[in-house]
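Good morning, and thank you for the opportunity to present. Please take a moment to look at the sequence and the structure before I begin.

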Amino acid sequence: MSELRDVFITGTGAVLPGERIGNDRMEDFIGRIGGRPSAVGRRALRWNGIEGRHYALDADGAPLHSNASMCAEAVRAALDEAGLSLGDLQHLGAAATQGDYLVPGHASAVQAELGAGPLEAFSYQSVCASALMAAKGAWLSVRAAEADVAAACAGEFSSRWFRPHFYEGTALVDDKGRARIEADFLRFTLSDGAGAVVMEPKPKPEGLSLKVEWIDMTSLAGRFDPCMWAGSTPEARADMTSAWSHAGPAAAHAAGAVALLQDFDLLKIVIRAWIGVWLEKVDAGRIVPDQVDHLLCHYSARSLRQEIVGLLESTAAMIPEEKWFTTLADSGNVGSASIWIMLDAFLKSGRGKRGDKVLCIVPESGRAMIGFMMLEIV
C-alpha cells in the first residue's frame with residue numbers, strides 16, 4: 001500500500017444567486033402565507049442577526065437556477081482558482097440538505113450540469129454538516145492516491161421550501177392563517193447559494209493554499225430525535241414508519257409533513273451536546289485553542305453564537321472572539337454551503353497568512369451532528 005499523502009485545498013468557489021435581498025424585501029420573494037405578513041418574521045430576524053441574503057428565485061417565485069447548477073458554478077470557480085480545468089477533475093462529492101430530485105443523487109445532477117466526463121461521484125444528503133462529509137470523502141480520496149484532483153461542493157435552494165403553497169391548506173396553518181413557529185421561523189433564517197473546494201496532493205505554485213490536517217465528524221443521532229427535519233409531522237417525527245413516503249404526497253402535505261421544520265426547545269439541548277464534543281477534542285489534545293489563529297464556525301443565528309460563547313467562556317476551550325470570522329450577517333445562513341462561502345470570503349479578506357491555523361466547525365441540528373476541519377495556510 002502506498003504511503004498516505006498530504007492534501008491541500010488549492011481553490012475555493014462561492015455562488016450567491018441573484019441580488020442581495022435586505023430584510024425589508026424578504027417576503028416579496030418567499031411570499032406571504034395567506035397574503036399576510038409573518039407574525040414571527042421580525043422576531044426571527046432579531047434572533048438571527050442576518051441583514052442580507054440571496055435567493056435563487058425571482059419575486060414571482062420563478063427559479064433562476066437549480067441547486068445543481070449553483071453547485072456546478074461553484075466547482076468551476078474553485079477549479080479556476082486552482083488553475084485547473086474540468087478535465088482534471090477525478091472525484092466529485094456533492095452535498096445538500098435536498099437536491100433537485102428525490103432520486104437520483106445530487107452528485108449526478110451536479111456532474112451533468114458541469115458537463116464533466118467519467119469520474120467518481122458521491123452524494124451526501126444531510127443538513128449543514130453534509131459539506132464536511134463531502135470534504136472528508138474528497139480528502140481521503142486524494143490522501144490515499146485514489147485521485148489527484150477532487151472537489152467537494154455543497155448547495156442549498158431553501159427558498160423554494162418557503163413559498164406559501166408549502167403551508168397553505170395544511171395542518172401547519174391555523175384558522176387565522178398563522179403558520180406554526182416551527183415552520184415560519186426557518187423562512188427568515190435560511191437562504192440560497194453554493195460553495196466548493198478543490199483538493200490536490202500539492203499546494204498550487206503561486207498564492208496561498210490550505211493544508212488539510214484532519215477532518216472529524218461526530219453524529220449523536222442515537223441520543224436525539226430529529227431537531228430539524230422535513231418529511232414528518234412534529235408529533236410523529238421519531239417514527240420512521242410515519243414518514244411522508246408511507247402516507248403519500250397529498251396526505252403528507254395536508255398533515256404538514258413536507259415542509260422544513262425546527263424544534264427550538266430541542267435545539268437548546270443539542271447545542272450543549274455539540275459543546276461537549278468540542279470539549280472532548282480539547283481534552284484529548286486534538287484541538288489546542290491557543291494554537292488556532294482563525295475560527296470559522298457555522299451557526300444559524302447570532303443568538304446561537306452568543307449561547308456557544310457563553311458556554312465556552314469559562315472553559316479552556318474558548319477561542320477569543322476576535323479570531324472568529326463569519327459571513328452570516330452579510331450573506332445569511334446558506335446551510336451546507338455556508339462553510340465554503342465563509343472559507344472563500346476568508347481567503348479573499350487577506351486576514352490569513354502563511355503558517356496560520358484555521359479551525360472550521362460545522363454543527364448540524366438535523367439529528368445532532370458536528371464536524372471539525374483543521375487547516376494550515378501554506
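**The sheet and its cavities**

Let me start with one pair of residues: Gly-93 stands opposite Ala-152, which belongs to strand 6. The model I am describing is a predicted one. The two strands concerned are strand 4, residues 91-96, and strand 6, residues 150-157, and they pair in the parallel sense over six bridges.

Across strand 4, strand 5 and strand 6 lies helix 4, residues 106-114, which runs at about 120° to strand 4. Helix 9, residues 264-283, also packs on the sheet and touches strand 8, strand 11, strand 12 and strand 13. The direction of helix 9 makes about 40° with that of strand 13.

Let us now consider the whole sheet. It is open, with nine strands in the order 5-4-6-7-1-8-13-12-11, and the pairing is mixed. At the edges are strand 5 (120-125) and strand 11 (294-297), each of which pairs on one side only. From one strand to the next, the twist averages 20°.

I turn next to the cavities. How many cavities of 30 Å³ or more does a search of the whole structure find? The search finds four. The largest has a volume of about 180 Å³. Among its 19 lining residues, Cys-128, Ser-300, Leu-304, Asn-333 and Ser-365 are the closest to the centre. Helix 9 gives the most to this lining, namely three residues. By class, the lining comprises 12 nonpolar, six polar and one charged residues.

The second largest cavity has a volume of about 100 Å³. Its lining consists of 13 residues, and Thr-97, Glu-156, Ser-158, Leu-190 and Leu-260 lie nearest its centre.

Terms used: Residues are numbered from 1 along each chain as its sequence is written. This is a predicted model: local features need pLDDT of at least 70, side-chain atom pairs count only at pLDDT 80 or more; totals for chains, interfaces and linings use all residues. Side-chain values use heavy atoms; hydrogens and water are left out. Two strands pair if DSSP finds at least two bridges between them. Helices (H or I, at least four residues) and strands (E, at least two) are DSSP runs, numbered from the N terminus. Axes are lines fitted to C-alpha atoms, for helices over the stretch in contact, and angles run from 0 to 180 degrees between N-to-C directions. Contact means heavy atoms within 4.5 Å. On a 1 Å grid over the protein atoms alone, a cavity is a set of points where a 1.4 Å probe fits but cannot get out, and a pocket is an open set with protein on both sides within 12 Å along at least five of seven lines; lining residues have an atom within 4 Å of a point. Grid points are joined across faces, edges and corners, and a volume is the space filled by probe spheres set on the points. Ala, Val, Leu, Ile, Met, Phe, Trp, Tyr, Cys and Pro count as nonpolar, Asp, Glu, Lys and Arg as charged, and the others, Gly among them, as polar.
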